[in-house]
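Reader: I would enjoy a close look at one part of this model, the place where a salt bridge forms. Could you walk me through that part and then set it in the chain around it?

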Amino acid sequence: MTYTLFEYAKENKEQLMENHHPVPSATSISNIISVETPNTAPSSKKKDKKEQLSKAQKRKLADKTDHKGGLPRGWNWVDVVKHLSKTGSKDDE
């Protein structure tokens with residue numbers, strides 16, 4: 001479907017653009033963007049340093065996760081009885 005729309009737009013470009021009036025401010029924005037683009041390119045080449053973990057931190061992380069790096073089943077389960085005893089019900093008041 002998208003391919004069909006683009007092909008239609010290419011074939012009927014003159015008809016679609018006959019009432020188009022370019023906005024002068026849009027050209028100045030594109031000039032600003034093109035000027036700033038070379039300045040940002042060298043900074044993207046810098047590699048971000050990874051956080052260095054100590055052996056104890058790595059061991060603790062390995063204990064929390066399985067061999068694939070995922071959390072074990074039930075890691076975020078809540079004890080229902082304990083939770084309900086803390087929250088209570090509105091009828092008790």
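Author: Happily; here is the salt bridge, followed by its surroundings and the rest of the chain.

A word on the ground rules: this is a predicted model, in which local features need pLDDT of at least 70 and side-chain atom pairs count only at pLDDT 80 or more, while totals for chains, interfaces and linings use all residues. Residues are numbered from 1 along each chain as its sequence is written, and side-chain values use heavy atoms, with hydrogens and water left out.

The structure holds 1 salt bridge, a term for a side-chain nitrogen of Lys or Arg within 4 Å of a carboxyl oxygen of Asp or Glu. Its partners are glutamate 7 and lysine 10, whose side chains meet at 3.8 Å, N to O. Both residues belong to helix 1 (residues 2-11) and sit 3 residues apart, about one turn of the helix. An α-helix has 3.6 residues a turn, so residues three or four places apart point the same way. Helices here are DSSP runs (H or I, at least four residues; strands are E, at least two), numbered from the N terminus.

How covered are the two partners? Glutamate 7 is partly exposed, because its relative accessible area is 24%, whereas lysine 10 is exposed, with 60%. The cut-offs are under 20% relative accessible area for buried, over 50% for exposed and partly exposed in between (1.4 Å probe, protein chains only).

Next comes a nonpolar surface patch of Tyr8, Leu16 and Met17, with about 330 Å² of accessible area together. Patches take residues with over 30% relative accessible area and no salt bridge, joining like charges within 9 Å and nonpolar side chains (Val, Leu, Ile, Met, Phe, Trp, Tyr) within 5 Å. Areas come from the Shrake-Rupley method with a 1.4 Å probe; for residues, only the protein chains shown count as cover. Methionine 17 lies in helix 2 (residues 13-17) and counts as partly exposed because its relative accessibility is 46%.

Stepping back, the protein chain has 5 helices and 0 strands. Of its 93 residues, 1% count as buried, and its accessible surface comes to about 9900 Å², with 57% belonging to carbon and sulfur atoms. Helix 5 (residues 80-87) is hardly covered, with 0 buried residues among its 8; glycine 88 follows helix 5 and has a positive phi, near 70°.

As for confidence, pLDDT is the predictor's own value for each residue, from 0 to 100. The chain's mean is 75, and 68% of its residues reach 70 or more. Among the elements, helix 1 has the highest mean pLDDT (88) and helix 3 (residues 24-45) the lowest (53).
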